[in-house]
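I have a new structure open and a blank notebook page. I'll jot down what I look up as I go.

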Amino acid sequence: MKKFWVGALVTLCMPAFAQAAVAASPLPVVTSFSILGDMVREVGGDDVHVTVIVPPLGDPHTFEPSPKDARALGAAKVLVVNGLGFESWMPRLIQASGFGGLKIVASQGVHARELKDDDSGNEHEILAPAHAAVKGGTLDPHAWQDLSNGMLYVQNIAGGLSQADPTHAAAYEARAQAYVARLKTADTQWREQLASVPSDRRVLATSHDAFGYFGAAYGIRVLSVVGVSSEAEPSARVMADLVRQIRKHHIRALFLEHGSNTRAMNQIAAETGVKIGGELFADTLDTPGHKASTYLGMFRWNTGLLLKAFTAQ
Ligand code: ZN
């Protein structure tokens, strides 16, 4: 009797369950790094299943994909990358994975900045000539640090998801619009907060050359102590030059960036007596549960630290 009941229940329930599973099956999407993962979750909601290749706190510049990443990409219908030369390891991964889906380049249409040896006349200055010489003429990939570019990323993602999954196009578009509105609000708030900061105080010195777009968008002078790759370690000569420059520019705070040159920055702070203003997030989100674990959260975290340093007496 007991056996009969179990069998009957399974027979009755299976077809309905199977239909529901098919109807709700989310679009498998892979993103190269955590910031794009958050954007796709915002736009895709329950209609997508997102796999992020470089996890939170990972460094996309030095990442080495594993067979697990190739399997995830091989099973995906959509791949979202930043572009602008950011994911140098991606072409090999695509080849290894056999990925045949739709590739969305989130930065499509962004006004790209170039990383140059000589940034004179530009508010974005690089204070590590030895490293800067290596990367002359390449594009700066860190476009997402300007929220206007982030809005463009969101629209590109919504367009791509709609193309890959037309059934949910209206939902992708609606979520994208609501998200862009939140990004606009954050952008306006930050501009209002900055308005009271004199321009000579708006100087950002950080250990990784990732805030060029940010500086250009918000009128902040950016001094980076090493070049674009967070692998770089400044030489003794470069360090001495940095200390001199930091004194010359009356830098009020130095900022660390996750995973890069903490030792060098602490050494510079000790030599110059300039305080460390905290840890900025540039190329990665923080782990879930922390303030900087979303794109907007990261922007609010970074700008909060900067405002504190800019307005400190
Ligand atoms: Zn970077």
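These entries go from the whole chain to a sheet, a helix, two loop residues and a pocket.

**Entry 1: the whole chain**

First note to self: this is a predicted model. I counted up the elements and got 11 helices and 11 strands in the chain. The chain has 313 residues, and buried ones make up 50% of them. I also looked at contacts between residues at least 6 apart in sequence, and 68% of these join residues at least 24 apart.

**Entry 2: a four-strand sheet**

In what order do the four strands of the open sheet lie? I read it off as β2-β1-β3-β4, with parallel pairing. β2 and β4 (102–105) are at the edges with a single partner strand each, so each has one side without a neighbour in the sheet. From one strand to the next, the twist averages 20°.

Then I went through the pairs. β1 and β2 run parallel and are joined by six bridges. One pairing I can point at is Leu-27, whose bridge partner in β2 is Val-48. β1 also pairs with β3 in the parallel sense, over three bridges, and here Val-29 stands opposite Val-78 in β3. Between β3 and β4 I found four bridges, again parallel. Val-80 has Ile-104 as its bridge partner in β4.

**Entry 3: burial in the strands**

I checked how enclosed β1 is. Six of its seven residues are buried, so the rest of the structure largely encloses β1.

Which way do the β3 side chains point? Val-78 and Val-80 go one way, Leu-79 and Val-81 go the other way, and all of them are buried.

I also noted a helix against this sheet. α4 (residues 90–97) lies across β1, β2, β3 and β4. Its direction is at about 170° to β3.

**Entry 4: helix α2**

Is α2 enclosed or open, and why? Of the 11 residues in α2 (residues 34–44), nine are buried, so this helix is largely enclosed by the rest of the structure. The buried set includes Ser-34, Ile-35, Leu-36 and Gly-37. Asp-38, Met-39, Val-40, Val-43 and Gly-44 are in the set too.

Next I looked up what those buried residues pack against. Among the strands I have β1 (27–33), β2 (48–54) and β3 (78–81). The helices are α6 (147–164), α7 (169–195) and α11 (295–311).

Just after α2 comes Gly-45, and its phi is positive, near 50°.

**Entry 5: Asp-47**

A little further along is Asp-47, in the loop between α2 and β2. I wanted to know whether this loop residue is buried or exposed. Asp-47 has a relative accessible area of 15%, and the cut-off for buried is under 20%, so I wrote it down as buried.

What does Asp-47 touch, leaving out residues up to four places away in sequence? I listed Pro-26, Leu-27, Asp-165, His-168, Ala-171, Tyr-172 and Arg-175. Leu-27 was already on my page as the bridge partner of Val-48.

**Entry 6: Pro-60**

Another loop residue, this time between β2 and α3 (67–74), is Pro-60. Pro-60 is buried, with a relative accessible area of 1%.

How far is Pro-60 from Phe-33 in sequence and in space? They are 27 residues apart in sequence, and their C-alpha atoms are 6.7 Å apart. Phe-33 is also among the residues that Pro-60 touches. With residues up to four places away not counted, the others are Val-54, Phe-86, Trp-89 and Asp-283.

**Entry 7: the second largest pocket**

Last lookup: the second largest pocket, which holds about 180 Å³ of space. Its lining includes Arg-252, Ala-253, Lys-275, Ile-276 and Gly-277. I also wrote down Leu-305, Lys-308, Ala-309, Ala-312 and Gln-313 from that lining. Two elements give two or more residues to it, namely β11 (275–280) and α11. I had met α11 before, as one of the elements that the buried residues of α2 pack against.

Which classes make up this lining? I get five nonpolar, two polar and three charged residues.

Note on methods:
Residues numbered from 1 in each chain as written. Predicted model: local features only at pLDDT ≥ 70, side-chain atom pairs only at ≥ 80, totals over all residues. Heavy atoms only, no water. Buried < 20%, exposed > 50% of the residue type's maximum accessible area, 1.4 Å probe, protein only. Contact = heavy atoms within 4.5 Å. Pairing = 2+ DSSP bridges. Axes fitted to C-alpha atoms, helices over the stretch in contact; angles between N-to-C directions. 1 Å grid on protein atoms, 1.4 Å probe; cavity = no way out; pocket = protein on both sides within 12 Å on 5 of 7 lines; lining within 4 Å. Points joined across faces, edges and corners; volume = space filled by probe spheres on them. Nonpolar A, V, L, I, M, F, W, Y, C, P; charged D, E, K, R; others polar.
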